[in-house]
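Let's take a stroll through a protein model together. Keep the picture open and turn it as you read.

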Amino acid sequence: MPDVLAEDALLIERPTDGVLVLQLNRPEKFNALATPFLQRIADVLTEADADVSVRVAILTGSEKCFAAGADIGELQRSDDTDPIEGPRFQACRSIRAFAKPLLCAVEGFCLGAGAELMLCGDIVIAGDGARIGQPETNLGIIPGAGGTAILPRLVGRSLAMKMVLTGEAIDAEQAMRTGLVADVVAKGSALPASLELATKLAGRAQDALQAAKASILDYEKLDLNAHLLAERHRFVVLLGSADKAEGVTAFLQKRKPVWSGS
């Protein structure tokens, strides 16, 4: 029988204005990402997307483990009759569709489905000693939620091939050198560092941040000419925004802008 997901498997906090923190809390399972768990994360982020009081979200785990992979029991019960675009696929797609900045604070093991959840984030801050990998080939399968599609777009073909084909993890420093991670901080400091950055982002012009995120992510699906055109379109739309007018006025008046978000 499938495990029952406890209510406290996902801890939700608002530590400061505009910032939502989702903490994976299944220590006995090393934060294994069973499908109901992914669905809960997706549901909370979907609600947060529609909540104007949430401006930035953070995903994190424990100091020992972000998430060590999929739920092995669930994987054992799965076979080739599983739907291609089933609940798990839809949950991951929903998480990637979160329009606001999504930070990942990573400590310890971040493997398999955990690494693919991390790939849904926009900025990753890792604690020293974190290990990131796609070990699915050790089990006779491949990554199924971005480990062969998104990972090579971030770290390049050769390293992605090595990580996936060998199943071997890389450390936080190598992850930063290859662009998978934005910053490496002292062990145990990934969440505080992410909170500091999230607070800074929450105080910036939200329409601009969301447009910038959407435009950057267009690199995954548009060629350069189409991407440049889409970027220009978003730029022109923002020229007519209240925040653009406020930003320029505040700059000329040498004061801090007061963003309206519209």
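A good place to begin is the start of helix α10, where a side-chain oxygen of Asp-223 comes to within 3.3 Å of the backbone nitrogen of Asn-225. Bear in mind that this is a predicted model. The helix itself covers residues 224-239, which makes 16 residues. From its first C-alpha to its last, α10 reaches 23 Å, close to the 22 Å expected at 1.5 Å a residue.

Another helix, α9 (residues 206-217), holds Ser-215. Is Ser-215 buried or exposed? Its relative accessible area is 8%, so Ser-215 is buried. Setting aside residues up to four places away in sequence, Ser-215 touches His-227, Glu-231 and Arg-234.

Now for the sheet. Six strands form an open sheet in the order β1-β2-β3-β5-β7-β10, and the pairing is mixed. At the edges you'll find β1 (10-16) and β10 (183-185), each pairing on one side only. From one strand to the next, the twist averages 20 degrees. As background, strands of a sheet pair through backbone hydrogen bonds, either parallel or antiparallel.

Here are some of the pairings, with one facing pair of residues for each:

| Strands | Sense and bridges | Facing residues |
|---|---|---|
| β3 (residues 56-60) and β5 | parallel, four bridges | Ile-58 and Leu-103 |
| β5 and β7 | parallel, four bridges | Leu-103 and Ile-123 |
| β7 (residues 123-127) and β10 | parallel, three bridges | Ala-126 and Val-184 |

Notice that Leu-103 of β5 turns up twice: Leu-103 stands opposite Ile-58, and its bridge partner in β7 is Ile-123.

Why is strand β5 (residues 102-106) described as largely enclosed by the rest of the structure? Because five of its five residues are buried. In a regular strand, side chains alternate between the two faces of the sheet. You can follow that here: Leu-102, Cys-104 and Val-106 point one way from β5, while Leu-103 and Ala-105 point the other way.

Next, look at what is packed inside. In soluble globular proteins, nonpolar side chains tend to be buried together. The largest nonpolar core in this model has 50 residues. Which of them touch the most other members? They are Leu-33, Ile-41, Phe-66, Ile-95, Val-106, Met-118 and Leu-180. Helix α1 (residues 35-50) supplies the largest share of this core, with seven residues. Leu-33 has contacts beyond its neighbours within four places in sequence, among them Leu-24, Ile-41, Ala-67, Arg-88 and Leu-117. There is also a second, separate core of eleven residues, including Val-21, Ile-58, Leu-103 and Leu-209.

Last stop: a loop with a backbone surprise. Most residues other than glycine have a negative phi. Phe-30, in the loop between β2 (19-24) and α1, has a phi near 55 degrees, which is positive. Asn-31 lies in the loop between β2 and α1 too, and phi of Asn-31 is also near 55 degrees. How do they fare for exposure? Phe-30 has a relative accessible area of 54%, so it is exposed. Asn-31 counts as buried because its relative accessibility is 2%, and the cut-off for buried is under 20%.

Terms used: Residues numbered from 1 in each chain as written. Predicted model: local features only at pLDDT ≥ 70, side-chain atom pairs only at ≥ 80, totals over all residues. Heavy atoms only, no water. Helix = DSSP H or I, 4+ residues; strand = E, 2+ residues; numbered from the N terminus. Expected span 1.5 Å × (residues − 1). Polar contact = N/O pair within 3.5 Å; in protein donor to acceptor, adjacent residues only side chain to side chain. Pairing = 2+ DSSP bridges. Axes fitted to C-alpha atoms, helices over the stretch in contact; angles between N-to-C directions. Core = buried A, V, L, I, M, F, W, Y, C linked by side-chain atoms within 4.5 Å. Buried < 20%, exposed > 50% of the residue type's maximum accessible area, 1.4 Å probe, protein only. Contact = heavy atoms within 4.5 Å.
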